[in-house]
Amino acid sequence: MKVAIIGAGFSGHTAAMYIGSALGKDHDITVINMSDRFLYVPSLVWAGVGHFDVEKTRFSLKKVYKKFRVNFIHGKATEIYPDEQYVIAERRDANGGQVRVDYDYLVIATGPKLNFEATPGLGPEHGNTYSICTAGHTVQCRDKFLESVERMRLGERQKIVVGTGHPGATCQGAAFEYITNIHKSLLKRGVRDKADLLYLSNERAVGDFGVRGVHVKSGGKMLSSEQFMSAVFKEYDTSWEVQKGVKQVEKGKIFWEDYDSKEGETEYDFAMLIPQFTGMPMKYIGKDGEDVSEKVVNKSGFVIVDGIYGQPFETMSSNPDSWPAIYRNPTYQNIFAAGIAFAPPGPISVPHTNSNGLSITAAPPRTGMVSGVIGKVVAENIIDLVKHGRMTHSERMTEMAAACIASMGDSMWDGSAATIVVYPVVPDCRRYPNEEGRDLFVTDMEMGLAGAWMKRLIHTTFMHKLQGRIGWKLIPE
Ligand SMILES: Cc1cc2nc3c(=O)[nH]c(=O)nc-3n(C[C@H](O)[C@H](O)[C@H](O)COP(=O)(O)OP(=O)(O)OC[C@H]3O[C@@H](n4cnc5c(N)ncnc54)[C@H](O)[C@@H]3O)c2cc1C
């Protein structure tokens, strides 16, 4: 059998390791990835303030795949022929040219397209803001941040804005973590008094994180992530503005519209704003050369799988079965999608459309942990199909936990972190008939030095696991 995997991020790489370890000896497994190195994205928040070398977040994929008998193509998949079951990729290695990869099973794990174009003036390439979403962007962002630091050393005040750069953006956790790391970094560099920090976001409330916020029981009382995050921001002398959808950016000015349809602008000297995420563009071509994209992806380019799509938010969010369980395309049943590439049935946070018709709604995050778990579920089902002809694994986001450790400084001595454990990621009111739809025993929020240790430990443990080193399977996704 032939299995092809497009994308070697958290989801695709996890799938490749499991499939390679189970089938690599007797079957033909191929990974196509745009970079020849794995990138451990979560540690970019440290690299973006110059406290961590970007190189420490990467390793060579080829070496790992050799262990698992997985073929590796350093290249970009551009076309998928689902009827004839093959992929065309443009090689990015020394060989160059095009390559055809045939498959019996295909995993699309291409992560997000960083859609800077959806917000005029956004982004490091053609705009005025910075990003920590890729290694290259992070280096640029770090350099700009350090330039700001130099200006502060010379006595200039700097206004730093971090948050979301589109009304429908996701990944607020990364933005939150970046701004708290900026605070810590400025303190260490002795210039904190020269900076005004602002967190600007499309969330309904600070601490929503695109998962409808979190509530935990603490000392017999309920504590919300909004209260928790507000306390952090107050302690860090950081202001925040939420319910704002950024629509355009100019040099020094961010233009937004809010929940009440009010338009306004925010000035900045240095800004890191997360763009809208869409699916990675790809051509899907039928056997007569026709475009079959509609059978594979939704309008945003995310792969349609076994979720229930097109329902009103209330219906969708009250039925956990709206969320996919096996991540398989209903038309082409040998195509699976993992991680950010799969199409969610809707937002997790309560959506908001203002009177001008602008939807300001945090898109659902599919974090590294969730992406890894989905990669494993997909891998296990493909292994099942190859070995036994049937699937036995399933896991919805209403059954998955997510642990977000938002570090505030990387130091093992005076660093800190807000550790938030959410279970399940998508509220399930059927299993947890409380207001939150979550397990209030497992869901937790803590703050302290232990979190900083844990974050560093997770970096080290995951770099170990993802390189397929001894005991890798024992470390959970
Ligand atoms: C700054 C930052 C911090 C974060 N921190 C955390 C955290 O602390 N904890 C957490 O759980 N999550 C965190 N996340 C989220 C996490 O990084 C993502 O959830 C995760 O990377 C998604 O994995 P993925 O496999 O779906 O996609 P990706 O990791 O984006 O991987 C997709 C891969 O596919 C490749 N690809 C794309 N298109 C093609 C193509 N056409 N052909 C070939 N290859 C292609 C890409 O090059 C990439 O290697 C963070 C994200 C950011 C941006």
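This report looks at a helix pair, a ligand shell and a small sheet in a predicted model.

Let us start with the helices. Two packed helices are described by the angle between their axes and the distance between the axes. Here, helix α1 (residues 10–23) and helix α9 (residues 368–388) have axes that come within 7 Å and cross at roughly 30°. Angles under 35 degrees count as roughly parallel, so α1 is roughly parallel to α9. The crossing of the two helices is right-handed. On the α1 side, the contact includes Phe10, Tyr18 and Leu23, while α9 contributes residues including Gly368, Lys376, Glu380 and Val386.

Both helices turn up again around the ligand. In total, 34 residues surround the ligand, and the closest are Gly7, Gly9, Gly111, Gly339 and Gly368. Two or more residues of this shell come from each of α1, β2 (28–33), α2 (44–47), β5 (71–81) and α9.

The table sets out the residue classes in the two places.

| Place | Nonpolar | Polar | Charged |
|---|---|---|---|
| Contact of α1 with α9 | 12 nonpolar residues | seven polar residues | two charged residues |
| Shell around the ligand | 20 nonpolar residues | 12 polar residues | two charged residues |

Finally, there is an open sheet of three strands, in the order β15-β16-β17, with antiparallel pairing. Because β15 (244–250) and β17 (263–267) stand at the edges with a single partner strand each, one side of each has no neighbour in the sheet. On average, neighbouring strands of this sheet are turned by 30° against each other, direction ignored. Six bridges join β15 to the antiparallel strand β16 (residues 253–258), and Val249 has Ile254 of β16 as its bridge partner.

Notes. Residues are numbered from 1 along each chain as its sequence is written. This is a predicted model: local features need pLDDT of at least 70, side-chain atom pairs count only at pLDDT 80 or more; totals for chains, interfaces and linings use all residues. Axes are lines fitted to C-alpha atoms, for helices over the stretch in contact, and angles run from 0 to 180 degrees between N-to-C directions. Helices (H or I, at least four residues) and strands (E, at least two) are DSSP runs, numbered from the N terminus. Angles under 35 degrees count as roughly parallel, over 145 as roughly antiparallel, 65 to 115 as roughly perpendicular and the rest as oblique. A crossing is left-handed if the near helix is turned anticlockwise from the far one by less than a right angle, and right-handed if clockwise. Two residues are in contact if their C-beta atoms, placed from the backbone, lie within 7 Å. Ala, Val, Leu, Ile, Met, Phe, Trp, Tyr, Cys and Pro count as nonpolar, Asp, Glu, Lys and Arg as charged, and the others, Gly among them, as polar. A residue is near a molecule or strand if its C-beta atom, placed from the backbone, lies within 6 Å of it. Two strands pair if DSSP finds at least two bridges between them.
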